[in-house]
Protein chains: 2
Amino acid sequence: MLHVAEAARVSVATVSALLNGTATVSPELTQRIEQAIRDIGYKRNAIARSLKMGTTRTIGLTVPHITNPFFTDVVSVIQQAFDRAGYAVMLCCTDEDLNTQDEQIRLLLDRMVDGLIVARVGDGGILKSIVEDANVPVVLLDRLCEGVDTDAVVLDNQRAVSDAVTYLIHLGHRRIGYITGTSDISPMHDRMIGYREALQAAGLPMAEELIRSGNFHEIDGYNATMQLLSLHDRPSAIFSANNPMVIGTMKAIRDIGLSCPEDISVACFDDFPWSDVFVPQLTTVAQPVQAIGEQAANLLLDRLAGNRDAPPRKLVLKGRLMIRNSCRPLGALPQSVSA
Amino acid sequence: MLHVAEAARVSVATVSALLNGTATVSPELTQRIEQAIRDIGYKRNAIARSLKMGTTRTIGLTVPHITNPFFTDVVSVIQQAFDRAGYAVMLCCTDEDLNTQDEQIRLLLDRMVDGLIVARVGDGGILKSIVEDANVPVVLLDRLCEGVDTDAVVLDNQRAVSDAVTYLIHLGHRRIGYITGTSDISPMHDRMIGYREALQAAGLPMAEELIRSGNFHEIDGYNATMQLLSLHDRPSAIFSANNPMVIGTMKAIRDIGLSCPEDISVACFDDFPWSDVFVPQLTTVAQPVQAIGEQAANLLLDRLAGNRDAPPRKLVLKGRLMIRNSCRPLGALPQSVSA
DNA sequence: TGACACGTTCGAAACGTTTAGATTAGCGTT
DNA sequence: AACGCTAATCTAAACGTTTCGAACGTGTCA
């Protein structure tokens, strides 16, 4: 900018004023400055600007695993939304590890991100103090966090699972295996309640042996399914917690020599482009990923626009049961495709 | 830092020296300073540091679509690599649009990223001048770029497709539909050569009507497949350019009332966790995503470590044909699973 | 004892912006 | 002709670091 100012024979203040439109500058000077900018190929240094202004027009986004299609989609939507708004996005993957998350959040704050969207891990760790100190706005994504009172957008997980399990019960299933993620995060907790609720409403017993948990990975789903399938009285249906885990479930079913839905029905959380392309077509609980991402972005953008004092807002969206043909009525042939 | 210095009754220079280990500071002062840092909860401001040092320990990464599983995986690997090295990653999606890409790259450069990894779009646009000006190192990912002479890691696309098509020919297929992406990027160009090469080696004619192109989306694959399937003499096999497009292909086959592999064989580029879980199990060309991501990261990290003058390095990795059961020998029953 | 070297600490400039407040010029009023 | 007002421009401080060179105190050696 100094060079531009010299070339245009004006002060840096005038250049700045022109660039930011913070003051009127005469036509001649305007022209001289613009010419100088072109000649020199000047680009304003955003770092210096950030230092002075105290804002970076950058936000931090942390998710457990970007390869989980649910998070992939949400990240994509959020990225687009902030791109439109002129913000850059720093992406971090916490690998479902609290220490990693804490470290990455610290890194992001050091870099003066203007806001944070977090699909948190563990008990939230450092998040609590950040939200309390209230320097940078935080939006919780997908997972609430006890003791962290801030904007959030989550699914009505209880209802979603309750609907899915009720559907299985209506098909005649009585022993429904349930594979969940680590239980310390809110969605898993709420989904478990939904599972219990549906069983209870149908007067079915809750068998602990039918509940398995794992760390969200394919291998965890595989192992959990293997255990369920080798029970003396094995379940006739399995509900799996997410995409990677349901892949593990399907592989376990295949490896053990059974088939879906003939021998065992399968449903899962999260829907994917290919859910209805292959055989069996998976019955899933679809999350409104587009809406989730957009709402999260909007909540944060609203705070960034200056609306700091509004009380925390919590958005709860509805899942949608996509009925396909991976679950069959007990004692009948596989049903045909709907959805 | 000023506050810390005051609280510890030293100068800011001493605090800085201690923090960076750039000079020895006596045990007493060390202790006073560390105490003050704890008391105040001081965190060093990375933006101010960046401004002074001229380095941000941040890199920019642009890909066409993060929801394409190939890019999802590569992004994930790259993100992890830079995370380990203490770098932050700014992620941009160009949506296969050159203007968007140019704008995003400019944004990244304004923010003084230390380096760039780009899965480029169009003709590269602004990239040329950036690489020439040589201020920030650039690594090309997945796609070379004419006139942009810099580090790159790509697949041997020609060989990969040639192998896949040759495999189809060995199964007895003579009319092989080929669905490609927009032809202005190097992989699509090389793959087309591979396709031609395989046909030629087998003495088969090259029928233009069997070649369709689209913009990498599911809908493009769907439309292209619809066109291929309504040819008077329709192909007995289809090779599809990527994951979203092959989903479109499968949907088109289903919607038109055919089935795979009985009526039509299908193979595609890129492998996915679920490729071998459902029916049919997809025959694919697997890219070594882990290696691609790591190599790209290493190339850039090497430049960032100071190795600026080495000539551009071009890494070419091999794909691997994953033979499953979505392609059948012509005139015979579907083969059983391998791989 | 004076000169010198060494180890430790500090003052101040610099990175590239923004911005408050000062300055200047032009113009209309009285 | 002196005054005040407005519009345009400038000066200089500030943002929070790093770093160069100077300063200071202490010990060693001639």
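Q: What makes the approach of a backbone N or O atom of B:Asn45 to a phosphate oxygen of DNA strand D a polar contact?
A: A polar contact is a pair of N or O atoms within 3.5 Å. In this predicted model, the backbone atom of B:Asn45 lies 3.1 Å from the phosphate oxygen, so the pair meets the definition. A backbone N or O atom of B:Met1 also lies 3.2 Å from a phosphate oxygen of DNA strand D. A side-chain N or O atom of B:Asn20 is 3.2 Å from a phosphate oxygen of that strand.

Q: How are the residues numbered, and which values count in this predicted model?
A: Residues are numbered from 1 along each chain as its sequence is written, chains are lettered from A and ligands numbered from 1 in the order in which they are written. Local features need pLDDT of at least 70, side-chain atom pairs count only at pLDDT 80 or more, and totals for chains, interfaces and linings use all residues, while side-chain values use heavy atoms and leave out hydrogens and water.

Q: What makes a residue count as near DNA strand D?
A: One of its heavy atoms must lie within 4 Å of the strand. There are 23 residues around DNA strand D, and the closest include A:Thr14 and B:Arg49. Sugar and phosphate make up 71% of the atoms of DNA strand D within 4 Å of the protein.

Q: Which element gives the most to the surface near DNA strand D?
A: Helix 4 of chain B does, with four residues. Helices (H or I, at least four residues) and strands (E, at least two) are DSSP runs, numbered from the N terminus.

Q: How do you know which residues of the surface near DNA strand D are nonpolar, polar or charged?
A: Ala, Val, Leu, Ile, Met, Phe, Trp, Tyr, Cys and Pro count as nonpolar, Asp, Glu, Lys and Arg as charged, and the others, Gly among them, as polar. By these classes the surface near DNA strand D has ten nonpolar, seven polar and six charged residues.

Q: What on the protein lies 2.5 Å from a phosphate oxygen of DNA strand C?
A: A polar side-chain atom of B:Ser26 does. For A:Ser16 the distance from a polar side-chain atom to a phosphate oxygen of DNA strand C is 2.6 Å, and for A:Tyr42 it is 2.9 Å. Helix 4 of chain A gives the most to the surface near this strand, with four residues.

Q: Why is the sheet of chain A called open, and which are its edge strands?
A: Two strands pair if DSSP finds at least two bridges between them. Six strands of chain A follow the order 7-6-8-9-10-12, with mixed pairing. Strand 7 (211–213) and strand 12 (320–322) each pair on one side only, which makes them the edge strands.

Q: How do you know that strand 10 and strand 12 of chain A pair?
A: Three bridges join strand 10 (residues 283–286) to strand 12, and the two run antiparallel. Pairing needs at least two bridges, so they pair. A:Thr284 has A:Met322 in strand 12 as its bridge partner.

Q: What relation do chain A and chain B have, and why?
A: A turn of 180 degrees and a shift of 0.0 Å along the axis lay chain B on chain A with an RMSD of 0.0 Å. That is the relation of a two-fold axis. The copies are superposed by least squares on C-alpha atoms of residues with pLDDT of at least 70 in both.

Key. A polar contact is a pair of N or O atoms within 3.5 Å; within protein, one must be able to donate a hydrogen and the other to accept it, and residues adjacent in sequence count only if both atoms are side-chain atoms.
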